[in-house]
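Colleague: I'd like a close look at a single part of this protein, taken slowly and with the neighbours included. Could you walk me through it?

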Amino acid sequence: MKRQLKLNSITSVITSLFTILNGLIVPKLILETFGSDMNGLTQSVTHFLSFANILDFGIASVAATALYKPLASKDYAAVSSVVSFSNKYFNFIAKIMAVYVLVLMLFSRIIISDEYPGMLLWPLTAVIGLTVITQGILGTAYKTVFIAGQAGYIVNLFSMTAIFASTVFSIIFIKNGASIVAVKAVPFTVYFIYYIAIRKTAVKKYRLDCHSNDSSDPIKQKKNAIVQHIASVVLNETDVIVLTMFSTLQNVSVYTVYNFAAGSLRTFMEGFFSGFQPLFGELLAKDDRKGLVHVFKQYEWMLHFAAVMIFGSASIMITPFVMLYTKKAGDISYYHPVFGMLITAAAALICFRLPYTGLAFAAGKYKETQMFFIVPMAVNIMLSVISVRKYHLTGIAAATCAAVILQTAVLARYVYKKILEMDIRTIFRQLAADLLVIAGSYILMYRLGIQADSWVQLFFSGIKCVAVYFILSIAAHYILFRDRLYFLFREAAEIFKKL
């Protein structure tokens, strides 16, 4: 169990790094080659199509919950039943998505932008839509069984290969003067091959009967998962949609560059801790309450320790990074320090909720927690629409922070009270440590100053910032969480011994 958790976490981190490198290299080349307006256009199209992931309806999450018990008992007939049901559903969703792409193509000059001809918008929408279908919908049922079976490292290995190939061929296309449509067609081709490979591997490993016709319904609480998933997707995609409708493509471009930096760190954190939800599912399936509480508290503490250090440093360094990153794109200003801090805070808050959503989903508490997704979604939409006209990017980021704080608070309260049966006040000490580290680090960094006129200066300033956060984190947690800090040091020592 422990070995699988480490293997899944390590490969997930490496996959996240590949994703970050892809996001650093390819969009930068697009920005420099095609300009900020074209970058904003492609990002708007992508987000409109990503918004269609709402059609997933949370079946992947509820399917994973249904798989924990049969995988733990090696009931491969039941596993095949769940995977077959999920696969049929996702194939149906892929067809619905294709219709959505067609509609968006036809009305793209009305919905997305009227500044570009249809001869550009139509094929661009088509290739990005096909990428969303192959990458995000096809093969989801097979990826889910790997992750639920704590074999997520297999999915990660395939993902690394796909990301690497997509990055290399995208660079080649851009450098050789290919059109934006041709560049965006590269990921579709790569992920179609990825889908075929992941399907064949899953069928072989889990002895799947892809034509299982079990008449019973192997997946429970689908309706509640649907409501929850819709709310979650709307919450995540509101920002760019609101900016596209009520602001400019230039602001969309600024938002996506900053959000890429903050989102990459979030992806890294989510990847590192991705193995915990399947572990929660296994512990719940075995009714190991003591083990569950122990693992949860370690997870929660490690996540706070890492997130405060990583996102705290990023909140200081994100604007200097963006200014260097967009130096050659001089058509608009990318200097928005307050927005940078807020968008980084929003990414950190989303990471803070991971233990609570992970345990709630592993326990199958979809019905009980669905309002915890609906209300924050409504709050985010309302605040974003109200604030975007006057406060623009800063208002959008502040609205997201408010919505995620609300969601995290109510989810934490539910998990502590109903699943763990513990007093939530135990987390207040953790929050006190977080605030002490953040406040102390900001004061010290203000005195030390930052130089970031070149990538070398940015690198050393970043090292200085992370070092300040790390030292203060060690000091604060030595005082408040000495036993857990010793646990972290022991784990690190074991890893270095094996290297």
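In which loop is the place of Thr326? Please start there and then follow the chain into what comes next.

Modeller: Happy to, and bear in mind throughout that this is a predicted model. Thr326 sits in the loop between α13, which covers 289-325, and α14. With a relative accessibility of 6%, Thr326 falls under the 20% cut-off and therefore counts as buried. Its side chain reaches back to the backbone oxygen of Val322, at 2.8 Å. If you set aside the neighbours within four places in sequence, Thr326 is in contact with Leu31, Val257 and Tyr334.

Now on to α14 itself, which spans residues 337-352. For a pair of packed helices, the description comes down to the angle between the axes and the distance between the axes. Take α14 with α17, the helix of residues 371-419: their axes come within 9 Å and cross at roughly 20°. Angles under 35 degrees count as roughly parallel, so that is what α14 and α17 are to each other. The crossing of these two helices is left-handed. On the α14 side, the contact is made by Val338, Phe339, Leu342, Ile343, Ala345, Ala346, Leu349, Ile350 and Phe352. Facing them from α17 are Leu393, Thr394, Ala397, Ala398, Thr400, Cys401, Val404, Ile405 and Thr408. Sorted by type, the residues of this contact come out as 15 nonpolar and 3 polar, with no charged ones. If you want to read the numbering in those lists, remember that an α-helix has 3.6 residues a turn, so residues three or four places apart point the same way.

The other partner of interest is α15, made of residues 354-362. Here the axes of α14 and α15 are 5 Å apart, and the packing angle is about 35°. α14 brings Ile350, Cys351 and Phe352 to this contact, while α15 brings Leu354, Pro355 and Tyr356. The split for α14 with α15 is 6 nonpolar, no polar and no charged. Notice that Ile350 and Phe352 turn up in the contact with α17 and again in the contact with α15.

Let's keep going along the chain towards α17. Gln370 is in the loop between α16, residues 366-369, and α17. Its relative accessible area is 18%, so Gln370 is buried. Not counting residues up to four places away in sequence, Gln370 touches Asn224, Val227 and Gln228. With Gln228, the C-alpha atoms are separated by 5.1 Å, even though the two residues are 142 apart along the chain.

Past α17, have a look at Glu421, in the loop between α17 and α18, the latter being 428-448. The phi of Glu421 is near 55°, a positive value in a residue other than glycine. At 63% relative accessibility, Glu421 counts as exposed.

One last stop takes us back before α13, to α12, residues 276-285. That helix is mostly covered, with 7 of its 10 residues buried. The buried ones are Phe276, Pro278, Leu279, Phe280, Gly281, Glu282 and Leu283. Just after α12, Asp287 takes a positive phi of about 55°.

Key: Residues numbered from 1 in each chain as written. Predicted model: local features only at pLDDT ≥ 70, side-chain atom pairs only at ≥ 80, totals over all residues. Heavy atoms only, no water. Axes fitted to C-alpha atoms, helices over the stretch in contact; angles between N-to-C directions. Helix = DSSP H or I, 4+ residues; strand = E, 2+ residues; numbered from the N terminus. Parallel < 35°, antiparallel > 145°, perpendicular 65-115°, else oblique. Left-handed = near helix turned anticlockwise from the far one by under 90°. Contact = heavy atoms within 4.5 Å. Nonpolar A, V, L, I, M, F, W, Y, C, P; charged D, E, K, R; others polar. Buried < 20%, exposed > 50% of the residue type's maximum accessible area, 1.4 Å probe, protein only. Polar contact = N/O pair within 3.5 Å; in protein donor to acceptor, adjacent residues only side chain to side chain.
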